Amino acid sequence: MARAAQMPDPDPLQYGTRFLTQEVPKTDFPQGGMTPVEAMRLVGEDLILEGDPFRNLATFVTTWMEPEAQRIIAENLHRNFIDHAEYPRTAEIEQRCIRMLANLYNAPGETTGARTQGSSEAIMLGALSLKWKWRKRREAAGAAADRPNLVFGGDVHVVWEKFCRYFDVEPRIVPLQEDKYTIGAEDVEPHLDENTIGVAAVLGTTFTGHKDDIEGINDLLVAIKNERDLDVPLHVDAASGGFVWPFLYPHSEWDFRLQQVRSINVSGHKFGLVYPGIGWLVFREKADLAEDLVFYENYLGKTDATFTLNFSTGASMVLAQYYNFVRLGREGYAYVMKAMEMNAKALAARLKENGNFELIGEDEEQLPLVAFRLAGEHDYDEFDVSWQLSAERGWMLPAYTMPPNAENVKVLRALVKQTLSREQIDRLADDIDQACKTLDAKGGAHPSERKKAKVSPGY
Ligand SMILES: Cc1ncc(COP(=O)(O)O)c(C=O)c1O
C-alpha cells in the first residue's frame with residue numbers, strides 16, 4: 001500500500017506571518033530578509049501598542065491633515081529638500097513661506113530666514129546668529145568676547161538650555177515663582193550686561209500657554225540702547241504662539257512691530273497645522289543673520305547658500321506648509337484657531353463645574369489649551385488624575401511640575417486641537433468627572449501606577 005505523501009509545512013505567510021509565534025529581530029542585524037508584507041505587519045503591530053494620537057492631549061504637534069495635504073506629502077517623499085539645483089521650485093516655495101511669515105510678523109522690509117526641522121533647530125540657528133553678531137560687536141569695540149550670556153525665563157522649553165550647553169553660552173535663567181509663570185522686564189533687567197548676546201522671550205509657553213511680557217521687555221531693551229548704548233537683541237520663541245497670536249490676538253504686539261525683536265522662530269508642525277518635521281526661523285532684516293554662518297557649496301550642481309544644522313531632509317513638509325498657507329489664508333487660520341479656542345473655553349467651563357479644579361490664567365491671552373490644577377484638599381494629586389483618566393478612558397492628559405522656583409506647583413494641561421470636536425470635549429469632561437469620582441472613592445494611585453503615567457509637559 002502506497003504511503004500518504006508527507007504534508008509540507010505550510011508557508012507561514014499563507015495564514016499569518018512568522019512573527020505570530022517567533023520573536024522579531026531586535027538585536028543582531030538580520031542575516032536574511034522577509035517579504036514586504038511581513039515587514040509591514042511587523043512594524044505595524046509594534047505601533048498598535050502605542051497611544052492613539054487622537055487622544056493625545058499632551059502634544060502640541062499636528063496629528064491630522066486634510067487628505068489633499070496628505071497626498072502632497074506622500075507624492076513628494078522622494079524629494080530631497082536641500083537639492084535646490086534639481087528642485088528649484090521647492091526652494092522657491094520655501095522662500096515664499098518665509099516671505100509670507102515675515103509679512104504675517106510685520107517685518108519692516110526685505111528679510112531672510114530658513115526652513116528648519118522644527119523650532120529646536122530654528123532656535124539653535126537664531127541663537128548662534130545672536131552669538132556671532134555679539135562677538136562681531138565686541139571685537140569691533142576691541143573688547144573681550146569670551147564670556148557670552150543669554151537671558152531667558154524658567155518658562156522656556158529645554159532647547160534654550162541645550163543651546164547654551166552645546167554652544168558654550170552662560171544661561172541666565174530667571175526663576176519662576178508660585179503664581180508667576182512668565183517673565184517681564186523687571187525680571188530681565190538685573191541680568192543684562194555687555195556680554196549678553198540676547199534675550200529670549202516666549203510667545204505661548206510649553207507649561208501654561210501664556211506669553212512673556214514681550215512688549216515690556218522690548219521697551220526695556222530700547223531704553224538700554226538709548227541710555228547705555230547697549231544693543232541687546234530680542235528673539236521671540238513663537239514655537240506655538242506664532243500661528244495663534246496673529247489670528248486670535250492680532251492687536252497684541254510681540255513681533256517685528258517691536259523694535260528690538262530681531263528674530264522669531266515658529267513650529268510649522270504645531271499650530272502651523274503641518275505634520276512633524278517643519279519649523280521656521282525669520283529675521284527682522286537680512287543684516288540680522290550673521291553672514292559667517294552661511295555656507296556656500298556647489299556639490300549639487302549649483303552654488304547654493306546653506307544655513308542649517310542638517311543637510312538632506314524631506315521636501316514634503318515644506319510643500320505641506322505652503323499648501324496650508326494658500327489653502328487657509330489668514331481667514332482660514334483664524335477660523336481654525338477660534339474653533340479651538342471656543343472648545344478650550346467649553347472644556348474650561350466644564351472643569352469649573354466639576355468643582356475640583358482651578359484654571360491657570362484663563363483670562364489672559366493664551367494658546368488654545370486648558371492648564372489647570374486641583375483646588376482644595378484631596379487624597380490624590382494631579383498625577384493621579386492623569387493616571388486614572390488614562391487607565392479608564394485612554395486619554396493622555398499630562399501632569400507635570402512647574403520649573404524652579406515654582407516646582408511645588410503641579411499642573412494638568414489639555415491641548416485642544418482641531419481633532420477635538422465639541423462632542424469630544426463633552427466626553428473628555430465627563431471622563432474627567434468620572435476619574436475624580438473614582439479617585440474620591442479609592443484615593444490616590446499606587447506608586448507602580450504612577451510610574452506609568454505621562455509626566456512631562458509634552459511637546
Ligand atoms: C516654546 C517652545 N519652544 C521650542 C519648542 C521646541 O520645538 P520643536 O519641537 O518644534 O523643536 C517647543 C516645543 O514644544 C516649545 O513649546
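**Pocket, ligand and cavities**

Student: What is the volume of the largest pocket?

Tutor: The largest pocket has about 600 Å³. That volume is the space filled by probe spheres set on grid points, which are joined across faces, edges and corners. The model is predicted, so local features need pLDDT of at least 70, side-chain atom pairs count only at pLDDT 80 or more, and totals for chains, interfaces and linings use all residues. Numbering runs from 1 along each chain as its sequence is written, and side-chain values use heavy atoms, without hydrogens or water.

Student: Why is it called a pocket, and not a cavity?

Tutor: Because it is an open set of points on a 1 Å grid over the protein atoms alone, with protein on both sides within 12 Å along at least five of seven lines; in a cavity a 1.4 Å probe fits but cannot get out.

Student: What makes a residue part of the pocket lining, and which lie nearest the centre?

Tutor: A lining residue has an atom within 4 Å of a point. For this pocket 28 residues qualify, and E94, Q95, I98, T112 and G113 lie nearest its centre. Two or more residues each come from α4 (88-104), β1 (113-116) and β9 (304-306). Helix α4 gives the largest share, 7 residues. Such elements are DSSP runs, numbered from the N terminus: helices are H or I with at least four residues, strands are E with at least two.

Student: How many residues of each class are in that lining?

Tutor: The lining divides into 12 nonpolar, 9 polar and 7 charged residues. Nonpolar means Ala, Val, Leu, Ile, Met, Phe, Trp, Tyr, Cys or Pro; charged means Asp, Glu, Lys or Arg; the others, Gly among them, are polar.

Student: Now the ligand. How many residues surround it, and which are closest?

Tutor: There are 14, with S119, S120, D237, H269 and K270 the closest. To be near, a residue needs a heavy atom within 4 Å. The shell has 5 nonpolar, 7 polar and 2 charged residues. Helix α5 (residues 119-140) supplies the largest share, 3 residues.

Student: What makes the ligand atoms' pairs with S119, S120 and D237 polar contacts?

Tutor: Set them against the cut-off: a pair of N or O atoms within 3.5 Å. A ligand oxygen is 2.7 Å from a polar backbone atom of S119. A ligand oxygen is 2.6 Å from a side-chain N or O of S120. A ligand nitrogen is 2.7 Å from a side-chain N or O of D237. The protein buries 93% of the 390 Å² that the ligand exposes when taken alone. Those areas come from the Shrake-Rupley method with a 1.4 Å probe.

Student: How many cavities are there, and what lines the largest?

Tutor: There are 4 of 30 Å³ or more. The largest holds about 70 Å³. Its lining includes F60, W64, K270, F271 and M340. By class, that lining has 5 nonpolar, 4 polar and 2 charged residues. The second largest holds about 50 Å³, and P53, F54 and L420 are among its lining residues.

Student: Why is the pair F207 and Y400 called edge-to-face?

Tutor: A search of the whole structure finds 11 aromatic pairs. F207 and Y400 sit 6.2 Å centre to centre, with 65° between the planes. Rings of Phe, Tyr and Trp (its six-membered ring) pair if centres lie within 6.5 Å; under 30 degrees is stacked, over 60 edge-to-face, the rest tilted, so 65° counts as edge-to-face. F207 lies in the loop between β4 (196-202) and α8 (214-228), and Y400 in strand β12 (residues 399-401), 193 residues apart.

Student: Where is a cis peptide bond found?

Tutor: It joins P404 and N405, with omega about -5°. N405 is in the loop between β12 and β13 (410-415).

Note on methods
Polar contact = N/O pair within 3.5 Å; in protein donor to acceptor, adjacent residues only side chain to side chain.
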